[in-house]
Amino acid sequence: MSRDKSARKPEAKPEKKNARLPQGVIAVAPPSFRRERALIKRGIWPVAGCDEAGRGPLAGPVVAAAVILDPDRIPRGIDDSKRLTPEEREDLFEKICATSSFAVAYASPARIDRDNILRASLWALARAVAALPEVPKHVFVDGRDRLATSCDCEAVIGGDGIVKSIAAASIIAKVTRDRLMCALSEDCPGYGFETHKGYAVPEHLEALDRLGPSVHHRRFFAPVVAAREKHYPSPVPPDLFSLESQASVDLSATV
């Protein structure tokens, strides 16, 4: 007796072990400890990573952090702070502080106004490295600029997503700055520092236009300049080439 082939159930296809990601989604590998271990094998230790938070905002300081991870007690889940949720950052912040050597430094809005944001950031990063409880023999820093340190310094573009020590520093800097901006929101209510942390979001720009700059704003960032001119307009100097000025000059000359 022959079976009806059409009645057969189609065989289930085995699931692929490496399922393809949705179109447009790129898998990003977490930062590794590979560069630090390569230095350890050469007898170079301690090795620090450093990063900053707060270059872009219109208000508040730049916060820099330097971290020396313990190779035997590296918390799991360390990643670029921008890839983590606030809850993940807070949890990792506590774990990094409990297992690592670290230091934090600040560049105030006044220093940013005086030196410009890049120089102020590099100054704060170098201060954080100098404040470490252990003197590092090698430092990894996020970005393209090396620091003025007494030890070897290696700049790594995109380092917070590549080097685990830099990623740990990015978490310390970000959480520290977020907490600081929440504290500043109590000192200067109405700007919303506790939500946007000083970044130029519409809510912040509206408050800046309505209230004018606070003492925590960076004076030479364009939206702050515009708000200051609106609320505290500078007196217009006399035009030396106006008719009135020319008449007074002619009169003084005849006398």
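Count up the secondary structure in this predicted model and the protein chain gives you nine helices and five strands. Walking from the N terminus, the elements come in the order α-β-β-α-β-α-α-β-β-α-α-α-α-α, so the chain ends in a run of helices, by the definition of elements used here.

Now for the strands. They form an open sheet of five, arranged β3-β2-β1-β4-β5, and the pairing is mixed. At the edges sit β3 (101-107) and β5 (152-156), each with a pairing partner on one side only. On average, neighbouring strands in this sheet are turned by 20° against each other, if you ignore direction.

Zoom in on one end of the sheet. Strands in a sheet are held in pairs by backbone hydrogen bonds, in either a parallel or an antiparallel sense. Strand β2 (residues 62-68) takes the antiparallel option with β3, over seven bridges. If you want a spot to look at, find alanine 64: across from it in β3 is alanine 105.

Next, bring in a helix. Helix α1 (residues 34-41) packs on the sheet, where it touches β1 (47-53), β4 (138-142) and β5. Compare the direction of α1 with that of β4 and you get about 165°.

Finally, step back to the whole chain. Of its 255 residues, 43% count as buried. Take the contacts in the protein chain between residues at least 6 apart in sequence, and 64% of them join residues at least 24 apart. As for the outside, the accessible surface comes to about 15700 Å², with 56% of that belonging to carbon and sulfur atoms.

Definitions and conventions. Residues numbered from 1 in each chain as written. Predicted model: local features only at pLDDT ≥ 70, side-chain atom pairs only at ≥ 80, totals over all residues. Heavy atoms only, no water. Helix = DSSP H or I, 4+ residues; strand = E, 2+ residues; numbered from the N terminus. Buried < 20%, exposed > 50% of the residue type's maximum accessible area, 1.4 Å probe, protein only. Contact = heavy atoms within 4.5 Å. Areas by Shrake-Rupley, 256 points an atom, 1.4 Å probe, with all protein chains shown as cover. Pairing = 2+ DSSP bridges. Axes fitted to C-alpha atoms, helices over the stretch in contact; angles between N-to-C directions.
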